[in-house]
Amino acid sequence: MTLLEGCLELDEDRLSYLNIHLLVKVCNVLGIPFNPIFLSDTGMDPGICNSPGERVLRIVTGMEADSYINPIGGAHLLDKESFHEHGIKLEIQQYQTLLYDTYPMPFEPGLSVIDALMWNSWDNVKEHLFKQPV
């Protein structure tokens with residue numbers, strides 16, 4: 001509950017800032033390095049894009065990144081060849097679902113990491129995350 005209260009303590013009207021605040025707090029407790037950057041703070045304008053994948057590619061190239069990691073759920077939005085043509089390694093990651101006891105409630109896979117942290121020790125969640133294939 002202390003983590004959740006800390007996540008919600010931010011007095012902010014913008015959902016994106018609340019989301020980043022939550023991610024920072026969760027990453028801190030899980031020992032995951034996380035240095036968020038808002039696109040609006042970079043001065044970069046990706047312009048009008050024909051697809052979400054094109055927008056991502058423009059942002060990644062504008063940030064001069066050499067790699068981009070995306071979960072498998074959004075893989076269909078990205079053109080691997082376009083990333084390759086720009087010299088950017090595209091990594092699509094698939095994660096194993098952490099199964100845990102939620103008795104007396106039914107288990108719902110794929111919920112927020114907050115749900116996993118509410119039902120498990122932080123060490124158990126860390127162990128699951130860090131054993132994932134890269």
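Where is P104 found? Let's start there and work through this model together.

**Before you begin.** The model is predicted, so local features need pLDDT of at least 70 and side-chain atom pairs count only at pLDDT 80 or more, while totals for chains, interfaces and linings use all residues. Residues are numbered from 1 along each chain as its sequence is written, and side-chain values use heavy atoms, with hydrogens and water left out.

**Exercise 1. Place P104 and describe the peptide bond that leads to it.**

Solution. Step one: P104 is found in the loop between β2 (89–93) and α6 (113–119). Helices here are DSSP runs of H or I with at least four residues, strands are runs of E with at least two, and both are numbered from the N terminus. Step two: the bond from Y103 to P104 is cis, with omega near 15°. Step three: T102 is found in the loop between β2 and α6 as well. T102 counts as buried because its relative accessibility is 5%; the cut-offs are under 20% for buried, over 50% for exposed, and partly exposed in between (1.4 Å probe, protein chains only). Leaving aside neighbours within four places in sequence, T102 is in contact (heavy atoms within 4.5 Å) with F107 and W119.

**Exercise 2. Lay out the order of the elements and say where confidence is lowest and highest.**

Solution. Start with the count: seven helices and two strands. From the N terminus on, they run α-α-α-α-β-α-β-α-α. Now add pLDDT, the predictor's confidence in each residue, from 0 to 100. The mean is 88, and 98% of residues reach 70 or more. Confidence is lowest in α1, at a mean of 77, and highest in α5, at 94.

**Exercise 3. Describe the surroundings of F83.**

Solution. First, find the element: F83 lies in helix α5 (residues 80–85). Next, check the exposure: F83 has a relative accessible area of 1%, so F83 is buried. Then list the partners: not counting residues up to four places away in sequence, F83 touches G53, V56, L57, Y68, L78, I88 and L90. Finally, take one of these: L57 is 26 residues from F83 in sequence and 6.8 Å away in space, C-alpha to C-alpha.

**Exercise 4. Find the loop that holds E64 and comment on its phi.**

Solution. E64 sits in the loop between α4 (52–62) and β1 (67–71). Its phi is positive, about 55°, although E64 is not a glycine. With a relative accessible area of 74%, E64 is exposed.

**Exercise 5. Search for disulfides and classify C27 and C49 by exposure.**

Solution. Recall that a disulfide is a covalent bond between the sulfur atoms of two cysteines. The criterion is a pair of cysteine sulfur atoms within 2.5 Å, and a search of the whole structure finds zero. As for exposure, C27 counts as buried at 11% relative accessibility, and C49 counts as partly exposed at 21%.

**Exercise 6. Describe the surface, starting from M1.**

Solution. M1 is found in the segment before α1 (2–7), and M1 counts as exposed because its relative accessibility is 60%. Together with M105, M118 and W119, M1 forms a nonpolar surface patch of about 450 Å² accessible area. For the whole protein, the accessible surface comes to about 9600 Å² (Shrake-Rupley method, 1.4 Å probe; for residues, only the protein chains shown count as cover), and 55% of this surface belongs to carbon and sulfur atoms. Patch members have over 30% relative accessible area and no salt bridge; like charges are joined within 9 Å, and nonpolar side chains (Val, Leu, Ile, Met, Phe, Trp, Tyr) within 5 Å. A salt bridge is a side-chain nitrogen of Lys or Arg within 4 Å of a carboxyl oxygen of Asp or Glu.
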